Structure formats: C-alpha cells, structure tokens
Amino acid sequence: GSVALLQGICAGIGVQVVILPIDMVVTRLQSTRRSVQSGGFFQVLQSIVKRQGFFGLWSGIKPGLFLTLNPGITQMILTRLTGMGQHIPSAAKAFWSAAVAKMVAGTVTYPYTRAKVHMQIAGAVPSQGAAPNMAQILSSIVQESGLIALFDGLPPQLVNGVLKEAILNMMRLKIAVVIKWTFSQISSRARFRPSC
C-alpha cells in the first residue's frame, strides 16, 4: 500500500519537473488567441521566458506537486484491488480495477488540476500585481461559485483519464503474460537442445 503510493508519488514528481514546461506552453497555446501568441511552440516558450523569467516555465509547480498524489493513489488502489504480485489478474479485472483506481485518484486531485491550469493561464495575461497562488485560486473559485465548482469539468476529464489508465493497465498485464510465456518457451527449448 504505502510503498506503491510512494513509488507513484516519486514517479509523478519526476514527470512534473520534466514535463511541466512543455505542459505550460501547450496550455498557453490552447488558451490564448492566435493574434496574441502566434508562431507556435518555440515562440510561446520564448514569450514565457521573456515575460516571467526561466522559472516561469514551472508556473503551477505547487499544484503540480500535489498532483503527484494522483499516480500514487492510483497505484495504491490498483495494488489492493488486483492483488498485484500474487497473481496476474484477468483482462476484465485489470481493466475495471484500473478504472476504479483512476476515478478515485482523479476525483481527489481534480481541484489541484484546475488550480494548475489557472496559474498557467494567469501568466499569459499581463497583470498589475503578483500572480495568485494555489490557495488563492481555489479560495476564489469556492467564493465565486461554491465548493462544487472545484469539480467543474471533472466528468470529461475522468472519462479521458479512466479510459487511458484502464486500457493501459489491461494491455500492460497482457503484454507481461505474453513476454513471460515467450521467455519460458525459449528457456525450455534451450534446456532440451541436444549437445553436439
């Protein structure tokens, strides 16, 4: 349980540090008008560094670090549901276990996903004061629209994440079975090969 959670969190931290600058540029490209930021990926990358400095590429890192709980929670629940390590579950069990695990993890961490996107978009618009932090963004959402607004947009996000995780887990386990079978066949043939 806790080992799987820790493994997932550590993997998530590594991904956040490496991928966040790319995610930042993609978010800006998707959320700004063409007239404001044209020229593609490298133009937007250069614009972020010019406007916010090099570390501006990591805007949203705090909620991003909270989001490392997502793979940790997913892995912990998945381990419990499938009894990983004891036996290889069926394709259906692998699929549904991953779907449930990702649904729980995605729901728990979704407010941090919203805060991260808000922080990344906020840097695209010139402002007079300091950019809001994660707590300010979440508080603002709750004050303006209520607690349930923290989960606006969750259903399509869950469909996307749950399907990806469930299919990935099912395929990963089935590929593991094929690889294990292949190596056992190679190994058994090598043992019974007559010597010259």
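**Group meeting: a helical model and its largest pocket**

Helix α1 gives the most to the lining of the largest pocket, with 12 residues, and I would like to start from that pocket. A helix here is a DSSP run of H or I with at least four residues, a strand is a run of E with at least two, and both are numbered from the N terminus.

Before going further, I should say that this is a predicted model, in which local features need pLDDT of at least 70 and side-chain atom pairs count only at pLDDT 80 or more, while totals for chains, interfaces and linings use all residues. Residues are numbered from 1 along each chain as its sequence is written, and side-chain values use heavy atoms, with hydrogens and water left out.

As for the overall picture, the protein has seven helices and zero strands, so that from the N terminus on its elements read α-α-α-α-α-α-α. Of its 196 residues, 33% count as buried, where buried means under 20% relative accessible area, exposed means over 50%, and partly exposed is in between, with a 1.4 Å probe and protein chains only.

Back to the pocket, then. The largest pocket has a volume of about 1000 Å³, and of the 35 residues that line it, the closest to its centre are Gln16, Asn70, Lys102, Lys116 and Gln157. A pocket is found on a 1 Å grid over the protein atoms alone, as an open set of points with protein on both sides within 12 Å along at least five of seven lines, and a lining residue has an atom within 4 Å of a point. The grid points are joined across faces, edges and corners, and the volume is the space filled by probe spheres set on them. Helices α1, α4 (69-82), α5 (91-122) and α7 (154-191) each supply at least two residues of this lining. By class, the lining has 14 nonpolar, 16 polar and five charged residues, with Ala, Val, Leu, Ile, Met, Phe, Trp, Tyr, Cys and Pro taken as nonpolar, Asp, Glu, Lys and Arg as charged, and the others, Gly among them, as polar.

Lys116 also leads to the next point, as the structure holds one salt bridge, defined as a side-chain nitrogen of Lys or Arg within 4 Å of a carboxyl oxygen of Asp or Glu. Lys116 forms this bridge with Asp23, and the closest N and O atoms are 2.8 Å apart. The pair links distant parts of the chain, with Lys116 in helix α5 and Asp23 in helix α1, 93 residues apart. Is each partner buried, exposed or partly exposed? Lys116 counts as buried because its relative accessibility is 10%, whereas Asp23, at a relative accessible area of 24%, is partly exposed.

Helix α1 appears again on the surface, where Ile13, Val15, Val17, Val18, Ile19, Ile22, Val26 and Leu65 form a nonpolar patch with about 610 Å² of accessible area together. Patches are made of residues with over 30% relative accessible area and no salt bridge, like charges being joined within 9 Å and nonpolar side chains (Val, Leu, Ile, Met, Phe, Trp, Tyr) within 5 Å. The areas come from the Shrake-Rupley method with a 1.4 Å probe, and for residues only the protein chains shown count as cover. Helix α1 (residues 2-31) supplies the largest share of the patch, seven residues. One member, Ile22, lies in helix α1 and is partly exposed, with a relative accessible area of 41%.

Finally, let me turn to some contacts between separate parts of the chain. Leu67 sits in the loop between α3 (61-66) and α4 and is buried at a relative accessible area of 11%, and its C-alpha atom is 6.0 Å from that of Thr109, 42 residues apart along the chain. Ile137, in helix α6 (residues 134-145), counts as buried at 7% relative accessibility, and its C-alpha atom is separated by 6.1 Å from that of Ala115, 22 residues apart along the chain. Met170, in helix α7, is partly exposed at 22%, with 5.1 Å between its C-alpha atom and that of Phe95, 75 residues apart along the chain.

Note on methods. 1 Å grid on protein atoms, 1.4 Å probe; cavity = no way out; pocket = protein on both sides within 12 Å on 5 of 7 lines; lining within 4 Å.
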